[in-house]
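Dear colleague,

I am passing on a structure that I would like you to read through, and my notes on what was found in it follow just below. Please keep the structure open beside the notes as you go.

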Amino acid sequence: MDTQALRERWLAAVAAAADSAALADAEARLFGPKGEVVDLVRSVTSLPKEARPAFGKAANALKQEVEAAVAARREQFAAAAMVRELDGGAFDPTEPGVRAPRGTLHPITIVQNELVDLFTSLGFQWQDGPEVESEFFNFDALNIPGDHPARESQDTFWLTDKNLLRTHTSPVQVRTLQRAVKQGFQPPLKVIVPGRVFRSETVDRTHEHTFYQMEGLVVDRAHGDSGISIANLIHTMKTCLRVVLERDVQVRLRPGFFPFVEPGFELDVNCPFCKGQGCPVCKQSGWIEILPCGMVHPNVLRAGGLDPEEFVGFAFGMGLQRVVMLRYGIDDIRQFMGGDHRFLAQFPEVSR
Ligand code: PHE
């Protein structure tokens with residue numbers, strides 16, 4: 001068999017294919033089920049045994065050569081197609097690429113990160129505490145005795161063995177004090193406790209069963225230069241609200257009752273929506289209640305292992321949802337846990 005003649009004919013057939021459709025036809029004729037190349041390779045079985053190895057080798061080499069020629073021709077067509085596309089203006093290399101979708105930070109995370117940055121820059125340390133808390137730390141140690149109505153005002157999810165889902169981040173106050181005292185208390189102590197808290201509430205646009213707070217606690221010596229007063233508390237709160245609400249704020253204190261602070265306050269900011277003129281959001285008062293705070297009650301210092309004659313402190317408990325709602329003008333608290341992507345995607349991708 002004259003493989004040389006076959007070789008020339010086949011390579012010529014590949015070279016003659018004028019476009020990729022013609023190339024596909026040629027390929028089918030050569031390599032299809034009844035293709036010529038396939039036939040040649042198969043014909044080895046009809047030869048006498050001695051002739052088979054040499055013929056088989058030559059046939060396979062030829063097959064590979066023709067295959068390579070087909071592949072090379074196909075590449076040529078692809079390259080030519082790309083050049084045509086580029087020349088035809090279908091591809092504009094100056095057009096911006098398609099941006100891959102990226103996740104966004106949850107608005108509570110954004111505000112919490114900012115607050116943590118701010119407070120750590122002021123020398124506060126981040127403390128964690130357990131979400132499953134004991135009755136002792138959640139209530140007793142915070143000067144809330146068993147028959148105290150404050151226990152009912154914080155509708156508690158009770159678990160077994162006097163454990164509960166913490167109703168606020170305040171239990172971490174006493175935990176922190178006890179730990180600090182055990183380690184040889186070195187005033188001043190300044191901590192923040194961002195965390196999740198739980199209350200058995202009927203959920204509506206202003207109530208959730210799961211929400212986020214950020215507790216703050218500062219304790220220092222009562223006497224000498226370091227004595228802490230309500231002025232320090234107000235200053236700290238104003239600094240922090242200015243940062244998270246992104247504007248200059250006015251604050252006012254009203255008396256507020258919490259058994260673990262004395263005196264206790266409700267701190268209000270001037271309403272961002274009406275600039276103090278009165279609107280539905282601030283119920284026409286010009287002020288919005290934003291965070292409860294106060295001077296740490298002597299019994300709480302005692303529960304933490306400190307002598308209230310020697311030490312003073314202030315504490316605050318910020319409801320993060322509330323701050324986020326004010327900052328972004330969100331009017332339904334259920335949005336936070338709702339998982340609606342259209343809501344979440346409105347917030348910036350990167351916060352720091
Ligand atoms: N723990 C209180 C609450 O959740 C808030 C609070 C914290 C009040 C610290 C005063 C001081 O309602």
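Before the first residue comes up, one definition is needed: a residue counts as buried under 20% relative accessible area, as exposed over 50%, and as partly exposed in between. Please also bear in mind that this is a predicted model.

With that cut-off, Y328 is partly exposed, because its relative accessible area is 30%, whereas F347, with a relative accessible area of 8%, is buried. These two residues form an aromatic pair, with ring centres 4.9 Å apart and planes at 75°, so the pair is described as edge-to-face. The pair links distant parts of the chain, since Y328 belongs to helix α11 (residues 320-328) while F347 lies in the segment after α13 (341-344), 19 residues apart. Ring pairs also join Y328 and F347 with F336 and F343, and together the four residues make a cluster.

How many aromatic pairs does a search of the whole structure find? The search finds nine, and another one worth following is that of F139 and W158, whose ring centres are 6.3 Å apart and whose planes stand at 35°, so this pair is tilted. Here too, distant parts of the chain are linked: F139 sits in the loop between α6 (135-138) and α7 (150-153), and W158 in the loop between α7 and β3 (163-165), 19 residues apart. As for their surroundings, F139 is buried, with a relative accessible area of 0%, whereas W158 is partly exposed, with a relative accessible area of 44%.

A ring can also have a charged residue over its face, and for this you may look at F137, where R175 lies over the face of the ring at 4.2 Å from the ring centre.

Turning to the strands, I would suggest beginning with β5 (residues 210-221), which is mostly covered, as ten of its twelve residues are buried. Which strands pair with β5? One of them is β4 (residues 189-198), which pairs with β5 in the antiparallel sense over ten bridges, and within this pairing the bridge partner of V197 is F211, a residue of β5. Strand β9 (residues 311-319) also pairs with β5 in the antiparallel sense, over nine bridges, and there R221 has F311, in β9, as its bridge partner.

With kind regards

Conventions
Residues numbered from 1 in each chain as written. Predicted model: local features only at pLDDT ≥ 70, side-chain atom pairs only at ≥ 80, totals over all residues. Heavy atoms only, no water. Phe/Tyr/Trp six-rings, centres within 6.5 Å; stacked < 30°, edge-to-face > 60°. Helix = DSSP H or I, 4+ residues; strand = E, 2+ residues; numbered from the N terminus. Buried < 20%, exposed > 50% of the residue type's maximum accessible area, 1.4 Å probe, protein only. Lys NZ or Arg CZ within 6 Å of the ring centre and 35° of its normal. Pairing = 2+ DSSP bridges.
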